[in-house]
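Colleague: I am new to this structure and would like a close look at a single part of it. Could you take one pair of packed helices and go through how they meet and what they are made of?

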Amino acid sequence: MTPDIPAPSSQHLLLNDVVRHIKDLPTLPEVARELLSNLDDDNISLDDISEKVSHDQSLAAGVLRVANSSFYGSNSKVVTIQQAVSMLGMRQVKNLIRLTAISNSFPASRCRNFDFQAFWSHSIATAECAELISRTLHMKHDFAFTAGLLHDIGRLVLVTRFPAQYEQAILYRQQEDCYLLEAEQAVMGIDHVVAGLTLADQWQFSEAIHDAIRGHHDPDIEGLNSVASIVHIANAIVHGLDLSHIDDDLVPLISQTAWNTVGLDKAEYLRIFRETEMRFEAINGIIL
């Protein structure tokens, strides 16, 4: 028998509740803050990154694990951060630091029915897909990958800080067969877009990330960075490909505005589908 869901008004959160809980989160490592606050900064060198990563045990372990994976085919064991950073390259290391720092800030909570692995699988696949779209459009890749990785970050805020309420939102989604965003709004009064933007303010994410969070469900909002349309489409593609294997997942409708903004043809989309699946299979087993 399906448990009854409490009346939505009894679960509603105030924005101040979210702000207070976000302020209690651990501080991001310095190098991660730099890489999330200014995606335009190309001045940071491999030596700078190596030194900063070396002083953070968790980041260092993640970088070394990836560098020693079979995916990169190293003939000898990578034992230093300098070796790892040199082998992986600037783009891969930046992306890995962002992923590791964010995931470490949100350990698995006691919220029943929330699958953390599926969440990160979706986020990683969306990041890879968004980067492929941006490459096809000859745009800056850092923006798209990071925006795709963090578009749903507000869900982690809600599920780890308010697990009991989020469990009710998940039940509501299952019973009503609606999008999770609608369930959050009905049960909690605040959705993961609002929570994500609050976190983005607190952690000083770049404006491009703000826009991706704000517009990944509604890219028609006036004045958004075009990365919002890219992430909106990448999110729908990844849901459609079912890479996270989420039961009863709903594929979101694609905005005509976003579709026109991206403007790719059928052959380009088919190539992006294939490459997203290939990249996801290669990297997912290493990270998760």
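Modeller: What follows is a walk through one helix pair and the burial of one partner.
This is a predicted model, in which local features need pLDDT of at least 70 and side-chain atom pairs count only at pLDDT 80 or more, while totals for chains, interfaces and linings use all residues. Residues are numbered from 1 along each chain as its sequence is written, and side-chain values use heavy atoms, with hydrogens and water left out.

Two packed helices are described by the angle between their axes and the distance between the axes. Here helix α12 spans residues 192-202 and helix α13 spans residues 207-215, and their axes come within 9 Å and cross at roughly 170 degrees (axes are lines fitted to C-alpha atoms, for helices over the stretch in contact, with angles from 0 to 180 degrees between N-to-C directions; helices are DSSP runs of H or I with at least four residues, numbered from the N terminus). α12 is therefore roughly antiparallel to α13, a term used for angles over 145 degrees.

On the α12 side the contact (heavy atoms within 4.5 Å) is made by V193, G196, L197, A200 and D201, and on the α13 side by H210, I213 and R214. By class, the residues of this contact are four nonpolar, two polar and two charged, where Ala, Val, Leu, Ile, Met, Phe, Trp, Tyr, Cys and Pro count as nonpolar, Asp, Glu, Lys and Arg as charged, and the others, Gly among them, as polar.

As for its surroundings, α13 is mostly covered, with seven of its nine residues buried (under 20% relative accessible area, 1.4 Å probe, protein chains only). These buried residues are A208, I209, H210, D211, A212, I213 and G215.

How values were computed: Helices (H or I, at least four residues) and strands (E, at least two) are DSSP runs, numbered from the N terminus. Angles under 35 degrees count as roughly parallel, over 145 as roughly antiparallel, 65 to 115 as roughly perpendicular and the rest as oblique. Buried means under 20% relative accessible area, exposed over 50%, partly exposed in between (1.4 Å probe, protein chains only).
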